[in-house]
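Here's a quick tour of some side-chain contacts, starting with charged pairs and moving on to aromatic rings. Have the model open as you read.

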Amino acid sequence: MSQHTQDTDVVTGTVKWFDPVKGFGFIVANSGGPDILLHVNVLRNFGQSSVADGAEVNVRIQHTERGVQAVEVISIKPPDHTDSSSLTDLAEMDQHDVTDAPLQPGRVKWFDKGKGFGFANVFGSADDVFLHVEVLRRSGLSDLQPGEALALRVIDGKRGHMAAEVLAWEAALTKKGD
């Protein structure tokens, strides 16, 4: 077990890569320096089980005998580069219709990153809500686990209900005013 110093610093950086199966990934600090280890448990304490490559993160770090590691996630901003060509339902909507949709509590039924989609249910409704991988990326996520609690903005797409925004449940609590 490595010894931690009590001193921590707050750093802003970009997610280089994160693999939820391996349970870790790395952040590149905007100020330079060595890569910062991001463990899935630190991410879970923030309320997420994954984070999109290229997302901007604000983390508290510690220097340990084994290198620099994140000990707390303060904020996550989704990556700027998104391809919405596969999301015609969203591309055709007024962005205000999406942002005006209420955040609703939901749970992941299943999600297959390889296929690029999955489904969730909103609490109190038996209807499935389509989850597209690009919506996850726009929301700063890269993968979802069955049973994971979420906050969703749901719209009526051409083929039924679909998530227009997906947030980790804990992150949604800070957006109550939405």
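Lysine 16 is partly exposed in this predicted model, with a relative accessibility of 44%. Its salt-bridge partner is aspartate 35, and their closest N and O atoms sit 2.7 Å apart. That pair ties together distant parts of the chain: lysine 16 belongs to strand E1 (residues 9-19), while aspartate 35 lies in the loop between strand E2 (24-29) and strand E3 (36-39). Aspartate 35 is partly exposed too, at 31%.

The structure has 5 salt bridges, and here are three of them:

| Salt bridge | Closest N and O atoms |
|---|---|
| Lysine 16 and aspartate 35 | 2.7 Å |
| Aspartate 128 and lysine 109 | 2.9 Å |
| Arginine 153 and glutamate 165 | 2.5 Å |

For the second row, aspartate 128 sits in strand E8 and lysine 109 in strand E6 (residues 103-112), 19 residues apart. Aspartate 128 has 32% relative accessibility and lysine 109 has 40%, so both count as partly exposed. In the third row, arginine 153 is buried, at just 3%.

Now for the rings. How many aromatic pairs does a search of the whole structure find? It turns up 8. One of them joins tryptophan 110 and phenylalanine 117 edge-to-face, 5.5 Å centre to centre with 65° between the planes. Both rings' residues are partly exposed: tryptophan 110 at 32% and phenylalanine 117 at 26%. Together with Phe119 and Phe130, Trp110 and Phe117 make up one aromatic cluster.

Key:
Residues are numbered from 1 along each chain as its sequence is written. This is a predicted model: local features need pLDDT of at least 70, side-chain atom pairs count only at pLDDT 80 or more; totals for chains, interfaces and linings use all residues. Side-chain values use heavy atoms; hydrogens and water are left out. Rings of Phe, Tyr and Trp (its six-membered ring) pair if their centres lie within 6.5 Å; planes under 30 degrees apart count as stacked, over 60 as edge-to-face and the rest as tilted. Buried means under 20% relative accessible area, exposed over 50%, partly exposed in between (1.4 Å probe, protein chains only). A salt bridge is a side-chain nitrogen of Lys or Arg within 4 Å of a carboxyl oxygen of Asp or Glu. Helices (H or I, at least four residues) and strands (E, at least two) are DSSP runs, numbered from the N terminus.
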